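Thanks for sharing this one. Here are my notes, as numbered points to read alongside the model.

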Amino acid sequence: MSKSENSSTATMIIITGMSGAGKTIAVQSLEDLGFFCVDNLPPVLIPKFAELIEQSNGKIGKVALVIDLRGREFFAALSESLSYIKNHYTIHSEILFLDSSDSVLVQRYKESRRRHPLAPEGMPLDGIRLERQMLDDLKTSATQIIDTSIIKPAQLKEKIIARFSHLESNRLSINVTSFGFKYGIPIDADLIFDVRFLPNPHYIDHLRPHTGQDSDVYEYVMKWPETQAFLTKLLDMLHFLIPHYRNEGKSQVIIGIGCTGGKHRSVAISEYLGRMLGASETETVRVSHRDADRDRH
């Protein structure tokens, strides 16, 4: 069936990436969003699967396919199949690539006592390095990349839902996430704002154990003139940018708010932005806190 023969548009998400980086959690999360999911589909069968989707007359509108190095013909077949779909079908396709650091992947293999598929008789690190080399080109062409090195399974699920729940409607999905610079910048953020210039509740003894979601910490962060001036300017810029992102066809925007540890200032500012941006009828806004629960004492 050619593009001109069907005006409806389905969505196909290809879930791939490093073994042990969270593909199982990703596909389970998409199942919760109503996706029809298939694990380990040979890439050569993707065009046939796309044909079935279009012949379903809209009954199958959202599909997620887990494709990895278990299907050895992986690279050439996947590239050719996605090109064929683009040229012959109305299906919108995306590649979700899950990654993680070598050290974290080694630890996960040790904990699960599983063997790496590319090094069944050898050291897991050997298989991880070979797999990373083989997947390098595919990662470059991915439309979505999520690094799971320092996030928990529940946080990965939140990220998946935040990124793809917009498919339920035409609303723009905005994810505001706090983080600590000492734990690294979130690589998937579209916009990053540094709030380390604000007075730090960490140095107030009775505030230190709490996070920016606590009312006392929140009020401390918000009471300063520089905080209010910053928020006025930031909201003005976001209200300018967001409609332009939507007009350009962007389906989601990820806003990272960072402070030193990701526990106080960034959390409070993210909570504020979530409330202010969430008042819109044209966006879906979610707030998450990547590092707020670290080092709590």
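1. Let's start with the largest pocket, which holds about 610 Å³ of space. Of the 24 residues lining this pocket, G20, A21, G22, T24 and R114 are the closest to its centre. Please keep in mind that this is a predicted model.

2. Three helices each supply at least two residues of that pocket's lining: α1 (23-32), α4 (102-112) and α6 (153-164). The helix that gives the most is α1, with four residues. Sorted by class, the pocket lining has 10 nonpolar, eight charged and six polar residues.

3. The model also has one cavity of 30 Å³ or more, with about 50 Å³ of space in it. Its lining is made up of K159, A162, R163, N175, D188, Q252 and I254. Both α6 and β8 give two or more residues to this lining, and α6 has the largest share, with three. By class, the cavity lining has three charged, two polar and two nonpolar residues. You will recognise α6 from the pocket, where this helix supplies at least two lining residues.

4. Next, the nonpolar interior. The largest nonpolar core has 45 residues, and those touching the most other members are M12, I14, I15, L30, I46, L65 and L96. Take I15 as a worked case: beyond its neighbours within four places in sequence, I15 is in contact with K23, A26, V27, L30, A64, L65, V66, I67, L96 and L98. Another core, of 28 residues, lies apart from the largest one and includes V217, F230, A268 and Y272. As general background, nonpolar side chains in soluble globular proteins tend to be buried together.

5. Is helix α9 mostly covered or mostly uncovered? Mostly covered, with 11 of its 13 residues buried. The buried ones are R265, S266, V267, A268, I269, S270, E271, Y272, L273, G274 and L277. What covers them includes the strands β6 (172-180), β8 (252-259) and β9 (283-289), along with the helices α7 (215-222) and α8 (225-247). The helix itself runs over residues 265-277 and reaches 18 Å from its first C-alpha to its last, close to the 18 Å expected at 1.5 Å a residue.

6. Finally, a look at T227, which sits in helix α8. Why does T227 count as buried? Because its relative accessibility is 0%, and buried means under 20%. Leaving aside neighbours within four places in sequence, T227 is in contact with L198, V221, M222 and I269. Of these contacts, I269 is one of the buried residues of α9.

Technical notes: Residues are numbered from 1 along each chain as its sequence is written. This is a predicted model: local features need pLDDT of at least 70, side-chain atom pairs count only at pLDDT 80 or more; totals for chains, interfaces and linings use all residues. Side-chain values use heavy atoms; hydrogens and water are left out. On a 1 Å grid over the protein atoms alone, a cavity is a set of points where a 1.4 Å probe fits but cannot get out, and a pocket is an open set with protein on both sides within 12 Å along at least five of seven lines; lining residues have an atom within 4 Å of a point. Grid points are joined across faces, edges and corners, and a volume is the space filled by probe spheres set on the points. Ala, Val, Leu, Ile, Met, Phe, Trp, Tyr, Cys and Pro count as nonpolar, Asp, Glu, Lys and Arg as charged, and the others, Gly among them, as polar. A nonpolar core is a set of buried Ala, Val, Leu, Ile, Met, Phe, Trp, Tyr and Cys residues joined through side-chain atoms within 4.5 Å. Buried means under 20% relative accessible area, exposed over 50%, partly exposed in between (1.4 Å probe, protein chains only). Contact means heavy atoms within 4.5 Å. The expected span of a helix is 1.5 Å times one less than its number of residues.
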